[in-house]
Amino acid sequence: MKREKGALSRAFSALHLAPFVYLLLIQTEPLQGVNITSPVRLIRGTVGKSALLSVQYSSTSSDKPVVKWQLKRDKPVTVVQSIGTEVIGTLRPDYRDRIRLFENGSLLLSDLQLADEGTYEVEISITDDTFTGEKTINLTVDVPISRPQVLVASTTVLELSEAFTLNCSHENGTKPSYTWLKDGKPLLNDSRMLLSPDQKVLTITRVLMEDDDLYSCVVENPISQGRSLPIKITVYRRSSLYIILSTGGIFLLVTLVTVCACWKPSKKKKRKLEKQNSLEYMDQNDDSLKPEADTLPRSGEQERKNPMALYILKDKDSPEPEEDPAPEPRSATEPGPPGYSVSPAVPGRSPGLPVRTRRRPGPRARPAARAHCGLRARA
């Protein structure tokens with residue numbers, strides 16, 4: 001009896017385990033599905049170039065999969081939808097002529113724009129979305145960095161100045177990050193070195209002699225990097241001479257300019273200047289007349305060179321003038337006649353006496369006139 005009861009209990013337990021065994025046999029059959037893999041999760045693109053969103057899928061079905069690419073935003077944007085590589089429907093205007101699909105489900109975007117940046121999701125399904133696989137890829141789009149340069153107001157600075165500013169500037173580039181170098185090495189932590197929130201501007205407070213060095217900046221983004229040419233900052237030591245030249249010299253210059261602009265000569269000085277000018281003008285006129293005076297021969301010298309000892313005497317009774325014989329030439333030792341003309345003829349005499357010059361006889365002509373009278377008396 002005991003053996004029969006044991007056999008019956010085993011039979012009932014086998015009947016209870018049969019459904020579970022059946023379910024296990026069903027689960028061991030191969031399942032239809034899609035498995036998607038991607039070699040990269042982040043792709044860095046450049047404006048104007050292309051980016052490949054690469055994926056690979058596997059499926060037990062021989063049917064062509066339905067592929068759908070979306071750009072994840074607040075409201076997802078469908079980039080393309082296809083069966084295999086055949087596009088379904090009409091592409092958006094901003095994606096026309098920029099889309100290409102491959103058999104493995106990969107997507108190629110050409111002529112990248114900044115608006116293409118974002119997270120892309122791909123869905124690959126077979127038999128009416130019964131079995132579907134998903135994958136996401138991040139795409140960044142940037143503009144390359146152009147060569148930066150360090151801009152400063154002046155390359156010289158005085159020691160102990162309050163502040164000195166250097167600006168790292170570049171024309172092109174998105175999402176830049178800045179690094180400052182001193183003598184080719186990154187700046188050390190110093191309370192005097194202040195950086196702007198974006199680290200683009202470097203401010204050196206309370207300048208010291210040790211700040212005299214070469215400075216440059218490095219700008220980089222996800223796709224490029226640029227380094228500026230080093231610029232030399234010269235720090236001059238503060239000295240008393242420099243202070244005098246920089247403060248007193250400027251004040252003195254301003255004072256001199258003001259005095260020269262406001263000064264006016266007094267009336268006495270003006271008269272003195274006018275008198276000096278008139279005297280100079282008269283001296284110039286005298287100098288211009290001297291050559292003319294020198295060219296005129298003097299009457300005395302001419303008479304000495306050509307002495308004339310003819311004296312004409314006339315009698316009161318003679319009707320016609322008579323000429324006296326020419327006097328004998330005087331010896332070299334005998335003094336010549338004076339260099340002045342004789343006085344006018346006495347009334348009653350012939351008026352035809354030769355006149356040497358028109359000049360009026362001076363005080364020296366009187367002795368000559370007396371001599372003439374004496375000669376006439378002798379005659």
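This is a walk through the strands, cores and disulfide of a predicted model.

Let us begin with strands that follow one another along the chain. Strand β5 covers residues 66-72 and strand β6 covers residues 77-83. The two run antiparallel and are paired over 6 bridges. To find one spot where they face each other, look for Gln70, which stands opposite Thr78 in β6. The turn from β5 into β6 is a hairpin, with 4 residues making the connection.

Now keep following the chain. β6 also pairs with strand β7, residues 86-87, again in the antiparallel sense, and here there are 2 bridges. Ile83 has Glu86 of β7 as its bridge partner. The hairpin between β6 and β7 has 2 residues between the strands, and in it Gly84 takes a positive phi near 70 degrees.

Beyond β7 comes a loop that leads to β8, and Leu91 lies in this loop. Is Leu91 buried, exposed or partly exposed? Its relative accessible area is 22%, so Leu91 counts as partly exposed, because the limit for a buried residue is under 20%. Leu91 touches Val79, Val80, Arg96 and Ile99, leaving aside residues up to four places away in sequence. You can also compare Leu91 with Thr78: they are 13 residues apart in sequence, and their C-alpha atoms are 8.9 Å apart in space.

Next, let us look inside. In soluble globular proteins, nonpolar side chains tend to be buried together. Here the largest nonpolar core has 25 residues, and those touching the most other members are Trp69, Val79, Leu107, Tyr120 and Leu139. Which elements give two or more residues to this core? They are β1 (34-37), β3 (51-53), β5, β6, β8 (99-101), β9 (107-109), β10 (118-126) and β11 (131-142). With 4 residues, β10 gives the most.

Leu107 is a good residue to click on if you want to see how such a core is put together. Not counting residues up to four places away in sequence, Leu107 touches Ala51, Leu52, Leu53, Trp69, Val79, Val80, Ile99, Arg100 and Leu101. Apart from this core lies another, of 18 residues, including Val150, Leu202, Val207 and Val219.

Let us move on to an open sheet further along the chain. It has 4 strands in the order β12-β14-β18-β17, and their pairing is antiparallel. The edge strands are β12 (149-151) and β17 (193-195), each of which pairs on one side only. From one strand to the next, the twist averages 25 degrees. Between β12 and β14 there are 3 bridges, and Gln149 has Ser169 in β14 as its bridge partner.

Strand β14 also brings us to our last stop, the disulfide. A disulfide is a covalent bond between the sulfur atoms of two cysteines. This structure holds 1 disulfide, which joins Cys168 to Cys217 with an S to S distance of 2.0 Å. What does the pair tie together? Cys168 lies in β14 (residues 163-169) and Cys217 in β19 (residues 213-221), so the bond links parts that are 49 residues apart in sequence. Both Cys168 and Cys217 are buried. The torsion about their S-S bond is about 70 degrees, and therefore the disulfide is right-handed.

Note on methods
Residues are numbered from 1 along each chain as its sequence is written. This is a predicted model: local features need pLDDT of at least 70, side-chain atom pairs count only at pLDDT 80 or more; totals for chains, interfaces and linings use all residues. Side-chain values use heavy atoms; hydrogens and water are left out. A disulfide is a pair of cysteine sulfur atoms within 2.5 Å. Buried means under 20% relative accessible area, exposed over 50%, partly exposed in between (1.4 Å probe, protein chains only). Two strands pair if DSSP finds at least two bridges between them. Axes are lines fitted to C-alpha atoms, for helices over the stretch in contact, and angles run from 0 to 180 degrees between N-to-C directions. A nonpolar core is a set of buried Ala, Val, Leu, Ile, Met, Phe, Trp, Tyr and Cys residues joined through side-chain atoms within 4.5 Å. Contact means heavy atoms within 4.5 Å.
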